[in-house]
Each structure stands twice: as C-alpha cells, then as structure tokens.
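Dear colleague,

Please find the structure below, handed over for your own inspection. A written account of the findings follows it.

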2 protein chains.
Amino acid sequence: MENSCELCIYRSYLFDNLNKKEFANLTLTKTELDFKKGEIICREGEKILHFLYLKQGLLKIYKTVGNRREQIVGITKPKDFIGLLSSFSEKEHLYSISALEDSSICIIEMESIKRIVRENGDFALDLLGKMSKLNSQILGSRLTINLKNLRGRTAYIILMFKDIYHSLKFEIPVSRKEIGELIEMRTENVIRILSELRKDKIIKIEGKSFEIIDLHRLEQIAEFG
Amino acid sequence: MENSCELCIYRSYLFDNLNKKEFANLTLTKTELDFKKGEIICREGEKILHFLYLKQGLLKIYKTVGNRREQIVGITKPKDFIGLLSSFSEKEHLYSISALEDSSICIIEMESIKRIVRENGDFALDLLGKMSKLNSQILGSRLTINLKNLRGRTAYIILMFKDIYHSLKFEIPVSRKEIGELIEMRTENVIRILSELRKDKIIKIEGKSFEIIDLHRLEQIAEFG
DNA sequence: CGCGGCTTTGATGTTCATCAAGTAAAGTGG
DNA sequence: CCACTTTACTTGATGAACATCAAAGCCGCG
C-alpha cells in the first residue's frame, strides 16, 4: 500500500489547487487507516474530528432507526469524501459508516482542512462544488428510488453495482438484507424479485455472483418500474 | 419594501464576514425581485446564472416526473439559499422552484459570489457550513418521511407548518394535492387522514385554516406513525 | 454438533393507490 | 353578472402491491 500523498493517484483530484507548502502541511496531519470488511468507521452521534476521504474500497453510510432496523443512506465509492454531508455544519456525525469491502481511508484533521479553505480560495470553491455534487447525487438517488416499484428498485441497484465495478459480471459486497436496506424493501421481496429476474433470463445469480444477461431489459425495468 | 442591503435584516446572517468593499461590490450586482403566489422562479434544466436568496415568503422546490406528476423536494424558508443544493456543482437547475406565498428574492450574479468565495476564506467556510446544513436537513426530512406511515407523515407535515408559522393556528399555503406531493401520498389519502385527525379531536380544520388542538398526541403520531 | 444468521418459498394480511362519483369553490368568457 | 368550465375537495368501494408471518434448508463458527 503506497502511503505517500505525493504519489497518491487521487492527489490531483482533490488537492490540485494546493501549493507545495499547503500540501506539505496537510500531509503532516494525515493518517491512512485500513478497515476490514464489516468494521465500523464511525458511529452516528460521535464527534466529527476528521475529514475522511475514501482511497480504496466501498463503504455504506447508514442510520439506525428504532429497534435495530438499519436504513442505508448511500454508498461511498473511492474518491468520495465520507461524511462530507455534514462535516462542515454538524458537530457530530449524522450517520454511521462501515466498510462493505476492505477499505483504506485517509484521515485529515478537520482543522487543517478548514485552515486551507480559509487560505486558498480555489480550493474552497472546488470543495464547494464537490460537496454540492455529492449531496445532489445522494438526494437524487433517494428521490429516484422512492418513485420506483420494487422491480424497478431492484434493477436500479443491480445497475448501480455494474457502474461501480465497470463490468456486467461482479460479486456484490452486500447481503440480500443490506440490498433491502439500500432500496427500502424487505429482504424477502429482494429475494423474490431477484428470482423473478433470473427466471426471466435478465440476470444470472449464484449467491453473491451476479451477471447481467439482458442489459437493455434491465435498464427498461429500472427506468419504468 | 426596503431595498437596501445595508439595512437588510438578514445582512448579518449571510454576509457578516465581508468587508466594506466586498459588500459594496456585491450589492452592485444584486437585484431584488418579487414573485406572486404561484409564480415560477426557475425551471428544472435552465442555466444557473444567479445565486438566489429568499428574503421573504415561502417557496417549493420540486421536480416534474413523467406524466405531469410533481414531486416536491423541499420547502424553502426565509434566509435559505435557494437551489444552493446544486449551484456550485451543476450548470443547470436540478429542480424547479415556485412561490407558495408572495415572496421576495435576492438575486446575485453567480460569478460575484464565486469571486468572494475565492477572496474571503471566512465567507467560504461559512458558506460551506450553511450549504452542508441545508443539504442535511433536506436529506434528513426525505429519509424521515419515508419511514413513516400515512398518518405519521400527515402529522409530520402539520408540525412542520407549525414551526414555520410559530403558532398552533395557521393558514396552510398549499392545497391538499400539494401536501400529498410533499409527503408522498395521494390527495385522497391526505384528505381522509386529515378528516380522521379532525374526528379524533387532534386538529381543527376548515379549508386551509388549521389549528392544532392536541399537540402532544400529534407529536406522538408523527413520531411513531 | 448445535446455534444463529442468511437465504429461499409459500401463505396471509394490511396498507395504500386507484377508481368512481358527487359537492363545493374558483376562474372564464359572453 | 350569470352560465359554464375547470379545479379543488370529499367519501366510499375495490384491488394491487407490498409487509408480515411461518417454515425449512443452508452455511459458517464457536
């Protein structure tokens, strides 16, 4: 695992606007942490002390509601800021975050980031844009999901994984139960509809191995379901 | 209508971090516009050219989906930035906005705001925070609504109007149909459940006049419904 | 080996959307 | 200002979509 920020493949994505000195100062306070699949990165209600950045892996952002039900708010892909949803406005995390796959996370003191925002206008503007984008995406996906019926939601989530893995064939990193939490369905219905899609020869599934056979029809279902 | 930014009651809320010169430059490009109830401020897909700020009134942010159904994303109260959800990341408005009440909106060139973000770090940081807050609120309310049954949603929206008007008695600015769009219910069910709540002596309603009789029970319903 | 969690299928029940139909209110044009 | 049209509001009846319940097989793990 390459641990130098200088050489990080994402350096230019987020920190392109920083000069040498700013960048050096930033890396001083930076830590990189690895989390195993299933581990919890932070819990709803904990103090926000760090700015979190997903270098590698996949995370879920979720909320525990009432009696041990979980509602997944979104999935974080590499290059996403984690918890950015609220880092600049809240004192405590609004959502919990855990690793769906083994993941590497870069951790920077919140104060360091704030200092750079104050000192470097281009960085500030860029960060505003990225944050705005992430929020739009998450809100948009929630609105979209709620308009669809169960078949449409299921197709939507399969297509989402296709986009994450850039392939028609992939291993999903989540259980059927977690799929349900992501798209607001009961586990039983997730399974039922996956079976239907299999019988209709739209997908192949075996455990967590998924393969999309008829992409066009799947997209139709996601669109009009 | 007082048109000077110097004297605006909200000046300190948003522009407290600006020095005299910055503030003067900003006000040069500023316009204030009045919209009548029902008028459309912007449409989904239009170019974002301005930074919009709600001075007075009430707006709805919504999306037209498929065959002339509307989905309301949120309600904007005075002091909220409008369309801030996406101003810094998108070229076009993601949502349409219209006036629920007669409203005054301050319009500032997007470029002016961006310049200040670049030049004034404290302003940038403050804006990041406010934007983050607004996004959290909107996302939170969507998540909350989707967990509730129809009774719970109806109670929730009544309580929201209570908070907007700071009173147990108010005139709602929306039709039954619009309430439905706000909380993802059919118009008929909105009416049915409002009638139930009336029969249960929890609220009094007559047309658009609402009065909360039993606040405690209403809160219970909103919480556990 | 047995326990608990995940997966699967079928049967049953509830909630809510849809359909239908009628009244009231509000805008429109002659 | 009144007939006319349209839009909002209201209630009841029906059906579809989805949640819940139940039961059984499977797998990993202590």
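In this predicted model, a phosphate oxygen of DNA strand D lies 3.4 Å from a polar backbone atom of Leu150(A). Chain B also reaches the phosphates through its backbone: a polar backbone atom of Arg176(B) is 2.9 Å from a phosphate oxygen of DNA strand D. A base is approached as well, since an N or O atom in the side chain of Arg192(B) is found 2.9 Å from a base nitrogen of DNA strand D.

Turning to the wider surroundings of this strand, 14 residues surround DNA strand D. The closest are Arg186(A) and Asn189(A) from chain A, with Arg176(B), Ile191(B) and Ser195(B) from chain B. By class, the surface near the strand consists of 8 charged, 4 polar and 2 nonpolar residues. On the side of the DNA, sugar or phosphate accounts for 60% of the strand D atoms within 4 Å of the protein, and bases account for the rest.

Which elements each supply at least two residues of the surface near DNA strand D? They are α8 (187-199) of chain A, together with α7 (176-182) and α8 (187-199) of chain B. The largest share, 4 residues, comes from α8(B).

The second topic is the interface between the two protein chains. The contact takes 36 residues from chain A and 36 residues from chain B. About 3100 Å² is buried between chain A and chain B, and carbon and sulfur atoms give 68% of that area. On the chain A side, the residues that lose the most area to chain B are Leu128(A), Leu139(A) and Leu143(A), which together make up 20% of what that side buries.

Polar and charged pairs are also present at this interface. There are 4 residue pairs in polar contact across it, both residues of each being at pLDDT 80 or more. The count of salt bridges between chain A and chain B is 2. In a salt bridge, the side chains of Glu90(A) and Lys133(B) meet at 3.5 Å, N to O.

As for the elements involved, β5 (69-76), α3 (84-87), α4 (110-119) and α5 (121-147) of chain A each give two or more residues to the side that touches chain B. Of these, α5(A) gives the most, with 19 residues. By class, that side of chain A has 17 nonpolar, 11 polar and 8 charged residues.

With kind regards

Methods
Residues numbered from 1 in each chain as written. Chains lettered and ligands numbered in written order. Predicted model: local features only at pLDDT ≥ 70, side-chain atom pairs only at ≥ 80, totals over all residues. Heavy atoms only, no water. Near = heavy atom within 4 Å. Polar contact = N/O pair within 3.5 Å; in protein donor to acceptor, adjacent residues only side chain to side chain. Nonpolar A, V, L, I, M, F, W, Y, C, P; charged D, E, K, R; others polar. Contact = heavy atoms within 4.5 Å. Buried area = accessible area lost by both parts, 1.4 Å probe. Salt bridge = Lys/Arg side-chain N within 4 Å of Asp/Glu carboxyl O.
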